[in-house]
Amino acid sequence: MFAKRTEEVEPFLAMEVMERGMAMSRAGTSIVQLGVGEPDFDAPPPAVLAAIDSLRSGQTHYTDSRGIFALREAIASECEARRGVSVSPDQVVVTSGTSPAILLCLNLLVDPGDEVILATPHYPCYPNMIAVCGGKSVLVPTGPEDGFLIDPAKVRAVVTPRTRAIFLASPANPTGAVQPRAVVEELSSLGVPILSDEIYDGLTYDDAEVTSPLGFTEDCYVLDGFSKRYAMTGFRLGYVIAPKPAMRALQSLQQSFFISTSQFVQQAGLAALFEGAEHVERMRQEYAARRRLLVDGLRNLGLSIPIDPPGAFYVLVDMRHFERDSLTLAFDILEHAHVAVGPGRDFGKVAEGFLRFSFATAREQIEEGIARLSKTLPKL
Ligand SMILES: Cc1ncc(COP(=O)(O)O)c(C=O)c1O
């Protein structure tokens, strides 16, 4: 017997399509991967060198559970530079990825039976982690017709005495939506802690501007990391910037759950913050070109993409006219076109019938994927 709460943890279907695709690759079929949310770039060279130097000099030990001071200081400075809000290094906990940062904050805020509000389509891990804490996800739908923007009135309408947090993800996975300043300001004024997942901040196009709720409310937990912006997924490095009164409890949770983040990985993060900006900008420009290629290519196939995604590296495409559920459609496309894409169902009921295409993959792959889809989609 396993604990009841594990029954509420849904499988990540994009991974299942990807894994089937990998098995087909091993059997000799060439598969175009447009399903995964992982940059195909190498990590910034200064980060790699810093990790090697750190390992060579014997930095293989536990650190302060909150992270090495120099990194917390650099994260606090970057926060001021990027979000225009001054925070203390004592408000930072460095974690092994953004995922543990989310888990720490949910454990901090959510008791069994409590509610957490999130806009949907949503990142699939949020409801899973909320469920593991015994909480209930309260979903507020957004749609393609209004660019997946959140209507704060709809959020206000579902706030109850049991509401413990509102998730805000801007830019968002899987829609790429960037929430306007007025929406962020209004959500920040509801008197509920904001969990602001800013992992895709910096990956924006066409002058889209990301607003952090940290500028409007002190009751804000910024969740961020190095996976996407710095293409450092495998380093496992993230952090939370939290309100001062929360720090003691967060520190205790971090000590018990994870002890500390790897020392040499933290040194890599420090180097990325100090020396990675140029590398990040080069990647962003390449994503912008890939986005153009993917969005135009899909539109030329007659698919409806209401807005060019202003951020992140995903396009959520309405495929409801194919009249089958998104998992079946994703497997059909994999089988017949040899292109792996993400089933919308991963991201909530409102995204059923949609597919998520990622442009975190090379231009040649995107071109090849579109060419394959142009031959196969008419037959489906
Ligand atoms: C919105 C969002 N938050 C968090 C994460 C987790 O990232 P990390 O690799 O830092 O744990 C992801 C990864 O895909 C994501 O899309």
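This is a short chat about reading a ligand site and a small sheet in a predicted model.

Me: Let's start with the ligand. Which residues surround the ligand?

Reply: Look for residues with a heavy atom within 4 Å of the ligand. Here that shell includes Gly-97, Thr-98 and Ser-99, plus Tyr-123 and Tyr-126. Further along the chain, Asn-173, Asp-197, Ile-199, Tyr-200, Ser-227, Lys-228 and Arg-236 belong to the shell too.

Me: And how many of the shell residues are nonpolar, polar or charged?

Reply: Sort them by residue type, and you get four nonpolar, five polar and three charged.

Me: Which side chains should I check for polar contacts with the ligand?

Reply: Hunt for N or O pairs within 3.5 Å. Try Tyr-200: an N or O atom of its side chain sits 2.7 Å from a ligand oxygen. Ser-227 also has a side-chain N or O atom 2.7 Å from an oxygen of the ligand. Then there's Lys-228, with a polar side-chain atom 2.7 Å from a ligand oxygen.

Me: How much of the ligand's accessible area does the protein cover?

Reply: On its own the ligand has 400 Å² of accessible area, and the protein covers 92% of that.

Me: Now the sheet. In what order do the strands come?

Reply: Strands in a sheet pair through backbone hydrogen bonds, either parallel or antiparallel. In this open sheet, the three strands go β9-β12-β11, with antiparallel pairing.

Me: Which are the edge strands?

Reply: An edge strand pairs on one side only, and here that's β9 (314–318) and β11 (342–343).

Me: What joins β11 to β12?

Reply: Two bridges do, with β12 covering residues 354–358. To find one of them, start at Gly-342: its bridge partner in β12 is Arg-356.

Methods:
Residues are numbered from 1 along each chain as its sequence is written. This is a predicted model: local features need pLDDT of at least 70, side-chain atom pairs count only at pLDDT 80 or more; totals for chains, interfaces and linings use all residues. Side-chain values use heavy atoms; hydrogens and water are left out. A polar contact is a pair of N or O atoms within 3.5 Å; within protein, one must be able to donate a hydrogen and the other to accept it, and residues adjacent in sequence count only if both atoms are side-chain atoms. Accessible areas come from the Shrake-Rupley method with a 1.4 Å probe; for residues, only the protein chains shown count as cover. Ala, Val, Leu, Ile, Met, Phe, Trp, Tyr, Cys and Pro count as nonpolar, Asp, Glu, Lys and Arg as charged, and the others, Gly among them, as polar. Two strands pair if DSSP finds at least two bridges between them. Helices (H or I, at least four residues) and strands (E, at least two) are DSSP runs, numbered from the N terminus.
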